[in-house]
Amino acid sequence: MNLKFFGTLKDGANLSSLFKTLRSSNCYYELDLVSKHIIVNGIKPEKKYNIIQEVYKIFEVTSIETTMTALDIKKSNEIQFEKLKATLLNKQLSQYDLNKNIENIILEAKLIGSKRKNVTAGEILSCKIGFALPGENYSCINVVVLCHTERKKYLVVPIILNSNLSDNNHFCMKVRRNLDATYYNSNYQREESIILLNRIQEVHVSRFNVGRIGTVTKRFLNSVYQRLYLSTYKKLSLNAVIEELISPAVKFTAKGVDSQQLESFFEFVKIPNELMLLKKAFCKALMIQSSSLKDLIPILQNDSDMNLSKNAAQTKLRAEFVTWLDSIYPDIFKEYYRISLADILKIFLKCYNEIN
């Protein structure tokens, strides 16, 4: 039996006890704090609960995925049947022991049935395509789930690491890290990736491997729909678009930073150093807790070394804002012609105040 625990490491967690238990049980294990999971392979049924308890001591577990052989399931069912029989027939069992046995029975049922059943549009998954002719989708590839089609079937599009292909090709779309997608796979976190629109196909849910590689944003998924002219395209609200850009960037920024230490935020949302007035606008908005340009322009005038008039400061700030946003979201001003810096700053303050 193999178990994959998803979650986060607890503060001050001591890993030595877990590693000692795993070594003594002859289990292969892998701890990945970036992708936020622990994988334990080769677990014997009699050691399972002990290992789960040790993982729970140091890990805030959000979900568990299971890979079991037919023999594992048979043994597990036999063990659980005996436990259930002993629990029901033992009239002397205390309430605590009764509850504990029931908890273990429920946990076992969850572990047996924890293979992937539900798939959501926008997830990046590994898909077992199978055999194919040269040049076609084959073997095991990573895909973005586009939409549900019928029963247990989904439309998917391959996503590959950027090789010699260019997103200028009509059948390619570049997927930008942080802006368009969040990855849990280290290879995709390091390299650029591309989706291949000419290789879309419909697959059964049973072809998906357990575990997510990442997810794309709703805005990016909508841009794929729009490119393909699918009926599932639906224009997102302006607030949803801004929040998908700002929220991950704010979470990436260290908690408790002051208005002069937002470089990690600027790097995440790709505001270059030459757009100095725009960067100062974010800093000052955080300092005075206001997204109103009427409040910010006078402060930026006093703080600026360029001795700008009010009109000049407004014009320059708008130009820098348009330059930045259009560089990461081309044509966004055609989709949302009323978007302003104040809209961005309002969401920025909301997200920042929620985590601090």
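Begin by selecting Gln289, which sits in the loop between H9 and H10. The model on display is a predicted one. The phi angle of Gln289 is near 55°, a positive value in a residue that is not glycine. With a relative accessibility of 42%, Gln289 counts as partly exposed, because that class lies between the 20% limit for buried and the 50% limit for exposed.

**The whole chain**

Zoom out before continuing. The protein has 356 residues, of which 40% count as buried. Its secondary structure comes to 13 helices and 12 strands. Among the contacts with a separation of 6 or more, 66% are made by residues 24 or more positions apart.

**Helix H10**

Return to the loop and move on to H10, residues 293-303. At the start of this helix, display the side chain of Ser292: one of its oxygens comes to within 3.3 Å of the backbone nitrogen of Lys294. Next select Leu296, Ile297 and Leu300, which are the buried residues to inspect in H10. Viewed down the axis of H10, the buried residues fall within an arc of 105°, so they line one face of the helix. The general geometry is helpful here: an α-helix has 3.6 residues a turn, so residues three or four places apart point the same way. Turn the view to the other side of H10 to find Lys294 and Asn302, both exposed.

What lies over the buried residues of H10? The cover includes helix H9 (276-288), helix H11 (310-328) and helix H13 (341-355).

**H10 against H11**

Show H10 and H11 together. Their axes come within 10 Å and cross at roughly 110°; the two helices are therefore roughly perpendicular to each other. On the H10 side, select Leu293, Ile297, Leu300 and Gln301; these meet Lys310, Ala313, Gln314 and Leu317 of H11. Sorted by class, this contact of H10 with H11 has five nonpolar, two polar and one charged residues. Ile297 and Leu300 thus appear in two selections: they are buried in H10, and they take part in the meeting with H11.

**H9 against H11**

Keep H11 in view and add H9. The axes of H9 and H11 come within 8 Å and cross at roughly 95°, and these helices are therefore roughly perpendicular to each other as well. Which residues make the contact between H9 and H11? From H9, select Met276, Leu277, Leu278, Ala281 and Phe282; from H11, select Ala313, Lys316, Leu317, Glu320, Phe321 and Trp324. By class, the contact of H9 with H11 has nine nonpolar, no polar and two charged residues. Ala313 and Leu317 of H11 are listed both in the contact with H9 and in the meeting with H10.

**The loop after H11**

Follow the chain to Asp331, in the loop between H11 and helix H12 (332-335). Although Asp331 is not a glycine, its phi is positive, at about 70°. Is Asp331 buried, partly exposed or exposed? Its relative accessibility is 43%, so Asp331 counts as partly exposed.

**Helix H1**

For the last stop, select H1, residues 16-24, whose buried residues are Leu18, Thr21 and Leu22. These cover an arc of only 95° around the axis, which puts them on the same side of H1. Rotate to the other side of H1, where Lys20, Arg23 and Ser24 are exposed. Finally, select Asn26, just after H1, which takes a positive phi of about 60°.

Definitions and conventions. Residues are numbered from 1 along each chain as its sequence is written. This is a predicted model: local features need pLDDT of at least 70, side-chain atom pairs count only at pLDDT 80 or more; totals for chains, interfaces and linings use all residues. Side-chain values use heavy atoms; hydrogens and water are left out. Buried means under 20% relative accessible area, exposed over 50%, partly exposed in between (1.4 Å probe, protein chains only). Helices (H or I, at least four residues) and strands (E, at least two) are DSSP runs, numbered from the N terminus. The arc is that of the directions from the helix axis to the C-beta atoms. Contact means heavy atoms within 4.5 Å. A polar contact is a pair of N or O atoms within 3.5 Å; within protein, one must be able to donate a hydrogen and the other to accept it, and residues adjacent in sequence count only if both atoms are side-chain atoms. Axes are lines fitted to C-alpha atoms, for helices over the stretch in contact, and angles run from 0 to 180 degrees between N-to-C directions. Angles under 35 degrees count as roughly parallel, over 145 as roughly antiparallel, 65 to 115 as roughly perpendicular and the rest as oblique. Ala, Val, Leu, Ile, Met, Phe, Trp, Tyr, Cys and Pro count as nonpolar, Asp, Glu, Lys and Arg as charged, and the others, Gly among them, as polar.
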